[in-house]
Amino acid sequence: MNLVIDIGNTLAKTAVFDGKELISFSSFEKISIDNLQELLLKNSSVKNVILSSVANYDKNIFEYIKSKYNSIELSHETKLPIENIYRTPETLGKDRLACAVGANSLFRNQNVLAVDAGTCIKYDFVNEENQYLGGGISPGIEMRFKALNQFTDKLPLLNYKYFDKLIGENTDESIFSGVMNGVAEEVKGIISRYKEQYPDVKVVCTGGYMKFLEKIFNISASGNSNIFADSFLVLKGLNVILNYNVE
């Protein structure tokens, strides 16, 4: 069994996999060795561990894992089941790389775009030759709310809620309209541009705001349009990378 650890900017997530099957998931505001010990005690069949981080974390965590398990810390030098032709692989976010591998594992030998809506909104493209080309990064939903508050004297700080009205009838609604409709049109527009270049491209949405993307694309109801949703795409990608390195 595999343990996957994904330390992000907002949360640390862990998942235990039996082969390709995800059998347990946990999240932490800040992960500790005590958290891992408790998790591993419950999952004594874990043999292999992969850790990926885009944030500063206690390096003793990986030292602890390495001392007890067959372990990998994801880096630009880790062997991958895709070819990474990003011009600066050492600067590529590990979550972006894992997301791309996860999307490619769902649609091997096909053009696929992963859209990860979390702290940032990240677009990562893998072509039908299983080559990672790159993508884009833009501010996430919470970041946009915070920016409006921090870079002005009087605009309030709002928290996310689903909002699809076009015309805001007060200042709060105007912020919601600008942020939420702005994100929706950004994602739709970028996907549209990928489709111009790659008409058959598959799109996989994930991340903390995946439910918002599901609503704007009506994913669950449509069952078509080559747009899909997967809550655990990054974790699945890490599991694929781990299996690729231990097999």
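Start by selecting β6 and β9: these strands pair in the parallel sense over two bridges (two strands count as paired if DSSP finds at least two bridges between them; strands are DSSP runs of E with at least two residues, helices are runs of H or I with at least four, and both are numbered from the N terminus). Pick N84 and look across to β9, where its bridge partner is Y132.

A word on what you have loaded: this is a predicted model, in which local features need pLDDT of at least 70 and side-chain atom pairs count only at pLDDT 80 or more, while totals for chains, interfaces and linings use all residues. Residues are numbered from 1 along each chain as its sequence is written, and side-chain values use heavy atoms, with hydrogens and water left out.

Now colour by pLDDT (the predictor's confidence in each residue, from 0 to 100). The protein chain averages 93, with 98% of its residues at 70 or more. Among its elements, strand β9 (residues 131–139) has the highest mean, 98, and helix α7 (residues 219–222) the lowest, 60.

Next, widen the selection to the open six-stranded sheet, ordered β6-β9-β8-β7-β10-β11 with mixed pairing. β6 (83–84) and β11 (227–229) sit at the edges with a single partner strand each, so one side of each has no neighbour in the sheet.

Move on to the other stop, an open sheet of five strands in the order β3-β2-β1-β4-β5, again with mixed pairing. Which strands stand at its edges? They are β3 (21–28) and β5; each has a single partner strand, so one side of each is left without a neighbour in the sheet. Neighbouring strands here are turned by 15 degrees against each other on average, direction ignored (axes are lines fitted to C-alpha atoms, for helices over the stretch in contact, and angles run from 0 to 180 degrees between N-to-C directions).

Select α2: this helix packs on the sheet, touching β1 (2–7), β4 and β5, and its direction makes about 150 degrees with that of β5 (contact means heavy atoms within 4.5 Å). Then show helix α8 (residues 233–246), which lies across β1, β2, β3, β4 and β5 at about 130 degrees to β1.

Two pairings are worth zooming in on. Strand β2 (residues 12–18) runs antiparallel to β3, joined by seven bridges, and D18 stands opposite E21 in β3. Strand β4 (residues 48–53) runs parallel to β5 (residues 70–73) over four bridges, with I50 opposite I72 in β5.

Last, highlight β3, α3 (94–106), β8 (120–126), α4 (141–150) and α8: each supplies at least two residues of the lining of the largest pocket (a pocket is an open set of points on a 1 Å grid over the protein atoms alone, where a 1.4 Å probe fits, with protein on both sides within 12 Å along at least five of seven lines; lining residues have an atom within 4 Å of a point).
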